[in-house]
Amino acid sequence: MNANVVNDNESVLETLIENALINAVKWVYSNCNCTPQEPDYVLALSTQFTKELFYILVAVFPNYDFSVSSVYCHQKPIVDIGLDKKTELGDILFVYADRKENGEKVLNSLLLQAKVLNHALLRIHKSDKNQLELYSKWPEFIYHRAGFLNGEKRDVLPKTINNGAQYLLIDNNPLTNGVFIGKDIFPMGCAMPDDILCINDSLSKELINLLKFKSGRTIDNNSYSTKDGWSKMIWDLLKIAAFKYSRRKNAKVESFPRIKECNHFYTENMKDIILLNEALGNYEGIVEAKNENSGVSVVLVESILKNK
């Protein structure tokens, strides 16, 4: 979709996505026996939110076919950036694939690290300084606890802050107050890396800007030929998610009680089109099942203009 198509429907789209995020938060509170933590909200985003997001996109953009897929991963990969302590790579990855009629695709990505807070500003704790270093300066890093990627080295350029890696700030009582910016109140907002995290925009607006390629960071569409460090990293995370998606899709339900951690919603013309299958490529079968949970949760949105 081009930006004009999104702009023409932005007001209603933002309202619907915001309501879907609130519903996800309500789901967290109704299913959590204690005070919700970051993983609970990530679970809701990557399982509950995705279905509503699919139906929203289908309703708002009737001239397009859509696929919305998601994979929830329990254990996040960590990376060694050469400091005293390894750090998490992120909590949840949003990817948008704009598919063209000629078979080409343009890809955008947004990697988020979730933090629960009780007001609109959050000072980074000293125990989290290493991840701030990662998101701010992107030193060369080595994967750990990342399945088949263990020991692999990645080098992201430029060595500075970019829109593709942000913090997801979640109000610790979002159904009562909600984090805010100006007069706007919402349960989740995004912040650029800094010693004191300050919300730039709501998650709903950030996701809309991802569809417009106004936020996030684009990636190369070929995971095998790319030389770009950021693209390699995002494709790495998609491949990890693809392994889990493939195992869940092909397994008996009774073998995997957490089957709902993988979802795929699609219009008929998008049934067999999913970027996770492309990410899997020729790697299927080389990873032991015990490594399948060591990844970032992924929400993948794909669209293509309907044939008239």
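The legends below describe close-up views of a predicted model.

**View 1. The largest nonpolar core and the helix that gives the most to it.**
The largest nonpolar core has 50 residues, and among these Phe141, Met233 and Leu238 touch the most other members. Helix H6, which spans residues 229–249, gives the most to this core, with 11 residues. When neighbours within four places in sequence are left aside, Leu238 is in contact with Leu93, Val95, Leu275, Leu276, Ala279 and Val298. Another core lies apart from this one and has 42 residues, including Phe94, Ile170, Cys190 and Phe265. In soluble globular proteins, nonpolar side chains tend to be buried together.

**View 2. Helix H5, largely enclosed by the rest of the structure.**
Helix H5 covers residues 203–211, and because eight of its nine residues are buried, the helix is largely enclosed by the rest of the structure. The buried residues of H5 are Leu203, Ser204, Glu206, Leu207, Ile208, Asn209, Leu210 and Leu211. After H5 comes Phe213, which has a positive phi, near 60 degrees.

**View 3. An open sheet of four strands.**
The strands of this open sheet follow the order S3-S2-S7-S8, and their pairing is antiparallel. Strand S3 (87–88) and strand S8 (153–154) stand at the edges with a single partner strand each, so one side of each has no neighbour in the sheet. Strand S7 (residues 141–144) is joined to S8 by two bridges, and these two strands run antiparallel. Within this pairing, Ile142 has Lys153 in S8 as its bridge partner.

**View 4. Strand S9 with S5 and S12, its partners in the pairings described here.**
Strand S9 (residues 165–171) is largely enclosed by the rest of the structure, because seven of its seven residues are buried. Seven bridges join S9 to strand S5 (residues 105–117), and the two run parallel, with Val116 having Ile170 in S9 as its bridge partner. Strand S12 (residues 188–191) is joined to S9 by four bridges and runs antiparallel to it, and here Leu168 stands opposite Cys190 in S12.

**View 5. The surroundings of Gln166 in strand S9.**
Gln166 lies in strand S9 and is buried, with a relative accessible area of 1%. Not counting residues up to four places away in sequence, Gln166 touches a set of residues that includes Leu110, Gln113, Tyr135, Cys190, Asn200, Glu206 and Ser215. The side chain of Gln166 reaches the backbone oxygen of Asn163 at 3.0 Å, and it also makes a polar contact with the side chain of Glu206 (3.0 Å). Although Gln166 and Ala114 are 52 residues apart along the chain, their C-alpha atoms are separated by 9.0 Å.

**View 6. Salt bridges, with three pairs described one by one.**
The structure holds 17 salt bridges. In one of them, the side chains of Asp91 and Lys76 meet at 3.5 Å, N to O; Asp91 lies in the loop between S3 and strand S4 (92–99) and Lys76 in the loop between strand S1 (64–71) and strand S2 (78–80), so the pair ties together parts that are 15 residues apart in sequence. Both Asp91 and Lys76 are buried. The side chains of Lys129 and Asp195 also meet in a salt bridge (3.1 Å, N to O), where Lys129 counts as partly exposed at 34% relative accessibility and Asp195 as partly exposed at 40%. A further salt bridge joins the side chains of Lys137 and Glu133 (3.9 Å, N to O), which are four residues apart in helix H4 and therefore separated by about one helical turn.

Methods. Residues numbered from 1 in each chain as written. Predicted model: local features only at pLDDT ≥ 70, side-chain atom pairs only at ≥ 80, totals over all residues. Heavy atoms only, no water. Core = buried A, V, L, I, M, F, W, Y, C linked by side-chain atoms within 4.5 Å. Buried < 20%, exposed > 50% of the residue type's maximum accessible area, 1.4 Å probe, protein only. Contact = heavy atoms within 4.5 Å. Pairing = 2+ DSSP bridges. Polar contact = N/O pair within 3.5 Å; in protein donor to acceptor, adjacent residues only side chain to side chain. Salt bridge = Lys/Arg side-chain N within 4 Å of Asp/Glu carboxyl O.
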